[in-house]
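User: Please take a close look at the aromatic rings in this structure and explain how they are placed. I would like a connected account rather than a list.

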Amino acid sequence: MDKKTETIRILIADDHPIFRDGLRKLLEAEAGFQVVGEAGDGGEALRLSGQLKPDILLLDLSMPRVPGLEALRDLSKAAPLTRTIVLAAVVERAQALEALQLGARGVILKEAATSLLLKSIRAVMAGQYWVGNSSISDLVMTLRELKSVPEEESRKKSFGLTPRELDIVAAIVGGYTNKDISEKFRISEQTVKHHLTNIFDKLGVSNRLELALFAVNHRLVEDD
Amino acid sequence: MRQDLRPEIVKASEQADEGRNSGRAERFPVHTPLRYRLSGDIDWREGRTENISCTGVLFRAEEMLAIDTAIEMQFDLAAEVEEGGGAMVICSGQIVRTLLPPASDAAPAMAAHIHEYRLVRGSAEFDA
């Protein structure tokens with residue numbers, strides 16, 4: 001932090017330029033916040049953290065090449081004084097737990113209100129932890145609570161897929177065509193293709209058959 | 001009668017316009033019954049998969065086929081999805097590798113490259 005002006009220096013790491021742009025504008029509109037850099041993947045986040053030494057790193061969990069959790073593992077060496085708040089569209093207990101165990105100071109959903117994000121940044125800068133909608137006074141208890149889930153549930157990973165994306169994966173596994181899926185969920189075929197592109201990217205698969213095999217092998221779509 | 005592959009078949013070797021080509025295809029350890037027949041044949045034969053990728057299938061069957069034999073294959077994706085079982089995969093390809101069994105009483109294995117495939121709703125059934 002810049003002691004003279006008490007400005008909080010922030011690095012944004014997210015693979016979506018539009019999201020980074022929007023977040024940058026929101027943060028820079030806030031007095032006392034300065035965005036010092038942007039990274040498009042975990043590797044760049046590590047490099048820029050070491051170079052710029054930001055106070056706060058806002059780190060997206062789902063990024064290509066070097067995902068958020070992987071970057072978090074190396075961050076304590078690259079930038080020991082930087083405090084990381086993990087951002088995610090969807091985050092499971094196991095991921096939140098792992099992020100905190102790897103040194104993250106906060107975990108917040110991307111859908112959270114801007115005011116919550118700003119509060120989380122200030123809380124983390126004040127030495128607190130932040131999970132979801134509130135600051136954490138007892139990290140040990142929070143970690144225990146996060147750990148105490150049925151093993152079956154923690155094993156069922158969503159690989160960062162949203163609920164809608166999981167619905168679409170289930171439909172693919174069921175043999176639905178894009179047209180079937182668009183009718184089933186009342187969305188356009190173009191939207192179905194857009195979802196599939198995101199799903200393919202997140203899972204690292206290259207076509208429907210590989211997606212279906214992946215989903216079955218990892219039990220992504222089984223009925224609870 | 002032969003079941004023709006409808007227009008929405010996908011060439012497995014092409015990069016899907018939806019996804020990226022990320023190198024060698026991952027092999028999934030799927031053990032499921034498989035039906036196969038030589039291209040042009042009417043009767044199906046039975047086998048069992050050892051592993052499946054988006055570009056090929058390794059399966060065991062009683063009779064070993066020669067390399068380059070063109071075949072059609074069908075197998076179910078064993079999955080408990082909301083509205084019934086998983087899709088049936090219908091594909092065509094050719095034998096690219098054969099493996100003699102480790103013991104005389106075991107079935108030989110064959111690797112087939114998938115040229116084209118489609119996923120259809122419902123389980124595999126014998127064609128009329």
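Analyst: Phe159(A) is partly exposed, with a relative accessible area of 34%, where buried means under 20%, exposed over 50% and partly exposed in between, using a 1.4 Å probe and protein chains only. The model is predicted, so local features need pLDDT of at least 70 and side-chain atom pairs count only at pLDDT 80 or more, whereas totals for chains, interfaces and linings use all residues. Residues are numbered from 1 along each chain as its sequence is written, chains are lettered from A and ligands numbered from 1 in the order in which they are written, and side-chain values use heavy atoms, with hydrogens and water left out.

Over all chains, the structure holds three aromatic pairs; rings of Phe, Tyr and Trp (its six-membered ring) pair if their centres lie within 6.5 Å, and planes under 30 degrees apart count as stacked, over 60 as edge-to-face and the rest as tilted. One of these pairs is formed by Phe159(A) and Phe214(A), which meet edge-to-face at 5.1 Å centre to centre with 70° between the planes. This pair links distant parts of the chain, 55 residues apart, with Phe159(A) in the loop between helix H7 (151–155) and helix H8 (163–173) of chain A and Phe214(A) in helix H11 (residues 208–217) of chain A; helices (H or I, at least four residues) and strands (E, at least two) are DSSP runs, numbered from the N terminus.

Phe214(A) counts as buried, at 5% relative accessibility. Phe214(A) also forms an edge-to-face pair with Phe28(B), at 6.4 Å centre to centre and 85° between the planes. Because Phe214(A) lies in helix H11 of chain A and Phe28(B) in the loop between strand S1 (10–11) and strand S2 (33–38) of chain B, the pair joins two chains. Phe28(B) is buried too, with a relative accessible area of 0%. Phe159(A), Phe214(A) and Phe28(B) are thus linked by ring pairs into a cluster.

Charged side chains also lie over rings. Here a charge sits over a ring if NZ of Lys or CZ of Arg is within 6 Å of the ring centre and within 35 degrees of the ring normal. Arg121(B) lies over the face of Tyr176(A), at 3.9 Å from the ring centre, while the charged end of Lys110(A) sits over the ring of Phe19(A), 4.4 Å from its centre.
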